[in-house]
Amino acid sequence: MPLLSKTKLQSNSNLFKVKNIIGTSLIAGALLISGCASVARGPGSQSAQSNPANAEADFVFKYLVAEIAGQRGDLATSSKVFYELAILSQDASLAERAAKVAAYGNVPGMTAPSIKLWSELDPTSTEAQQAMTEILIATDQLEAAKPHLAKLFDKEETRPGGFLYLNNILSRSKDKMGVLNLVQSLAAPYPDLAEAQFAIAQAAYAANQTKVGLQALEKAEALKPGWNLAALLKGQVLFNQAPQSGIDYYQSFLDQYPDTNEVRVNMAKIMVSQKQYDAAKKQFPIIIQYGKGSPEVTAVVGLISFQAGDFNAAEAYFQQSLAQEFKEPDQLYIYLAQVTEKQNREADAIAWFNKVQPGPRFLEAQIGLANLIARTQSVDKAIEKLDAVDDLTTEQQIIVIQTQASLLAKAKRDKDAFDLLDKAVKNLPNTPELVYDYALAAERVNKLDIMESELRKTIASKPDFAAAYNALGYSYADRNIKLDEAVSLIEKALSISPNDHYMLDSLGWAYYRKGKLDKAITYLEQAYRVNQDPEIAAHLGEVLWKKGKRDEAKKIWNDALSRNPNNEVLMTTASKFKS
C-alpha cells in the first residue's frame with residue numbers, strides 16, 4: 001500500500017474535460033436564452049458600441065473563461081475576469097461574483113478592489129457593506145470603518161446586540177490598541193448601556209489593557225447586576241493576573257447568583273487547570289442540578305472529568321448524556337472512545353469509534369481510530385486505514401495526509417513523513433497549514449533551505465499564522481544563528497498569540513542563546529507556569545544551571561522526569577548537566 005494513494009492525488013484531467021464541456025454548453029445556452037450576455041448596461045469600447053454583436057460575443061467568451069478558470073481551481077484568473085466584466089457592464093452581481101471568488105481563493109490583489117466595486121454598485125446590499133467593512137478592518141483602516149460600524153447602533157432595539165457583536169467584527173485587525181480606541185469612541189454616546197461597557201472590556205482585554213478592561217466591567221456589573229457574560233470575562237481577566245483570584249471572584253459571584261451555570265462550569269474548568277480536582281468535583285452535582293437534566297450540561301461535566309483525569313466518572317457522565325438523548329451521539333461515541341482508550345480498553349475504544357456513522361464526525365473518528373491502531377499495531381496499518389476512507393473533500397484529504405505524516409514522525413520515520421508531504425504540496429492545493437507541516441518535516445531531515453523558504457511562504461500567505469513565525473524563530477535560536485531576527489520573529493508570534501507557552505519558551509531560549517540569562521529565565525518561568533511541558537522544563541533547568549542555580553535546576557528536572565520519565569529531550573539535558 002503506497003503511503004500516498006495515487007488515486008487521491010491524480011489531476012482527474014479526463015473528468016475535468018467532461019465537466020468543462022458540459023459546463024460550457026450549459027453556461028452558453030443559459031446566457032444566450034436569457035439574454036444575460038448583453039453588455040448594454042455599461043460603457044464599452046468604440047468597437048463594442050459600433051458592433052453590439054461583437055461586444056456580446058466578447059462578453060460571453062470572457063464570462064466562459066472566468067467560469068472555466070474557476071472550475072479548474074484558477075481562482076485568481078476567474079476573479080480578475082469577473083472583475084473586468086463588472087467594470088465593463090457596471091453589473092453588481094458580477095462584482096459580487098468577483099469578490100466572492102477572490103475571497104474564497106485568497107487572491108489578495110483582487111479581493112479588496114472587487115468588494116469595493118460591489119459595495120459601490122450595490123449600496124443597498126447589507127452583505128456588500130459588511131464585506132467592505134471587514135476589508136477595512138482587516139487592512140487596519142479603522143477610521144474608515146467607523147461610519148460603517150456606527151450603523152450597528154442606529155436602532156435602540158438592536159443596539160445591545162450590536163455591541164456584543166462588535167469585537168467579533170474587529171477581531172481580524174492586528175492593531176489592538178486602535179481597536180480599543182475605536183470601540184471606546186463608538187461606545188461614548190451610550191455610557192449607560194452595559195453592552196457598550198462590555199465591548200470596551202473585550203477590546204481592552206485583547207489589547208492587554210487590564211486596568212481599562214476591569215474598570216469597564218465594573219461599570220457593566222453596576223448597570224446590569226448578575227450578568228453572566230460580564231462575570232465570565234472578569235473572572236478570566238483576574239485568572240490571567242493570578243489564577244486563584246479568578247476562582248475566588250467566580251465563587252463570590254456564585255454566592256450571590258447560584259443558578260448562573262455558565263460561571264460555575266467555567267470555575268470548575270479553571271479549578272481543573274490548577275489541579276484543584278476535589279474542589280472541581282464538588283461543583284459537578286450542582287452543575288447538573290441547575291442544568292435540569294440537560295444532556296449537553298451532563299456532557300460538559302463529562303469533559304471536565306476527563307480533563308481532571310477521572311476517567312471512570314467521565315465515562316459515566318458520557319453514558320448518562322447518551323441516555324438523555326444528546327443531540328449529537330456521534331460526538332459522544334468519540335468521547336467514549338477516547339476515555340476508554342485512556343483506560344487501556346482498546347477493544348472498547350475501537351467499538352466506540354466504529355459506531356460513528358458517515359457524516360460530519362466520521363473523519364474525526366477514523367483519525368482517532370488510526371492513532372489507536374498506530375499505537376497498538378503499526379503505523380503502516382494506521383495509514384492503510386486512513387487511505388481506505390472515501391469521498392473526501394480536498395480539505396479533508398489534506399487533513400488525512402497531515403495525520404499520516406504526524407504518525408510517521410512520531411515513529412521516527414522522518415524521511416517517509418517528508419516524502420509524503422513533499423508529494424502532497426506538489427499535487428494538492430497548498431494551504432498554509434499543509435506548507436507549515438511540510439516545512440517542519442523538512443527541518444527534521446535537515447533540509448533547512450526548504451524549511452526556511454516554506455515557512456516564509458506560509459507567513460506571506462497567512463500573516464497572522466503565529467506558529468510559523470515561532471517555528472522559524474525557534475529554529476534560528478536552536479541553531480544559534482540570526483538571533484536578532486529569531487527574537488523579532490518570536491515576538492511577532494507572541495503579539496498574535498499572547499501567553500502561548502511554546503512561544504514564551506522559544507523567546508526564553510532565544511535570549512539564552514544571546515547570553516541574556518535573566519531575560520531567558522523570566523520568559524521560561526512564565527512558560528512553565530502556563531504549562532509544565534517537559535521540554536520547557538529542560539530549557540528552564542539548563543538556563544538556571546548556567547546561571548549557577550543548580551539546586552533549582554535539579555529540582556525542576558527531577559519533578560519533570562517523575563511526570564515524563566521517557567521524554568528524550570528532558571533525559572538528555574538532565575544527564576548532560578548533572579553528570
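Is glutamine 90 buried, partly exposed or exposed? Keep that in mind as you open the viewer; the tour comes back to it. One note before setting off: this is a predicted model.

**The whole protein**

Start with everything shown as a cartoon. You will see 34 helices and 0 strands. Along the principal axes, the C-alpha atoms fill a box of roughly 90 × 65 × 60 Å. The protein has 579 residues, and 45% of them count as buried. Among contacts between residues at least 6 apart in sequence, 50% join residues at least 24 apart.

Now switch on the surface. About 29,000 Å² is exposed, and carbon and sulfur atoms supply 52% of that area. Try colouring by charge as well: there are 64 positive and 68 negative side chains, with the centres of the two sets 4 Å apart.

**Stop 1: glutamine 90**

Select glutamine 90, in the loop between helix H5 (75-89) and helix H6 (92-104). Here is the reply to the opening question: glutamine 90 counts as partly exposed, at 39% relative accessibility. Take a look at its backbone too. Glutamine 90 is not a glycine, yet its phi is positive, about 55°. Most residues other than glycine have a negative phi.

**Stop 2: arginine 345 and aspartate 348**

Next, select arginine 345 and aspartate 348 and show their side chains. The two meet in a salt bridge, 2.9 Å from N to O. Arginine 345 is partly exposed with a relative accessible area of 30%, and aspartate 348 is partly exposed at 32%. A search of the whole structure finds 27 salt bridges, and the next stop visits others.

**Stop 3: helix H27**

Move on to helix H27, residues 448-461. Which residue forms a salt bridge with glutamate 454? Lysine 457 does, and the closest N and O atoms are 3.3 Å apart. Both residues lie in H27, 3 residues apart, which is about one turn of the helix. Glutamate 454 counts as buried at 10% relative accessibility, whereas lysine 457 is partly exposed at 42%.

Stay on this helix and select arginine 456, then add glutamate 485. Their side chains meet in a salt bridge of 2.7 Å, N to O. Arginine 456 lies in helix H27 and glutamate 485 in helix H29 (residues 483-496), so this pair ties together parts that are 29 residues apart in sequence. Arginine 456 is partly exposed, with a relative accessible area of 34%, and glutamate 485 is partly exposed too, at 28%. Now add Glu452 and Lys482 to your selection: salt bridges with shared partners join Glu452, Arg456, Lys482 and Glu485 into one network.

**Stop 4: asparagine 499**

Follow the chain to asparagine 499, found in the loop between H29 and helix H30 (501-513). What is the sign of phi at asparagine 499? It is positive, about 70°, although asparagine 499 is not a glycine. Asparagine 499 is partly exposed, with a relative accessible area of 40%.

**Stop 5: a patch of positive charge**

For the last stop, turn the surface back on and select Lys546, Arg550, Lys554 and Lys576. These residues gather in a patch of positive charge on the surface. To find your bearings, locate arginine 550 in helix H33, residues 550-563. Arginine 550 counts as partly exposed at 45% relative accessibility.

Definitions and conventions. Residues numbered from 1 in each chain as written. Predicted model: local features only at pLDDT ≥ 70, side-chain atom pairs only at ≥ 80, totals over all residues. Heavy atoms only, no water. Salt bridge = Lys/Arg side-chain N within 4 Å of Asp/Glu carboxyl O. Buried < 20%, exposed > 50% of the residue type's maximum accessible area, 1.4 Å probe, protein only. Helix = DSSP H or I, 4+ residues; strand = E, 2+ residues; numbered from the N terminus. Contact = heavy atoms within 4.5 Å. Areas by Shrake-Rupley, 256 points an atom, 1.4 Å probe, with all protein chains shown as cover. Lys, Arg positive; Asp, Glu negative; His and termini not counted. Charge placed at Lys NZ, Arg CZ, Asp CG, Glu CD. Patch = residues over 30% accessible without salt bridge, like charges linked within 9 Å, V, L, I, M, F, W, Y side chains within 5 Å.
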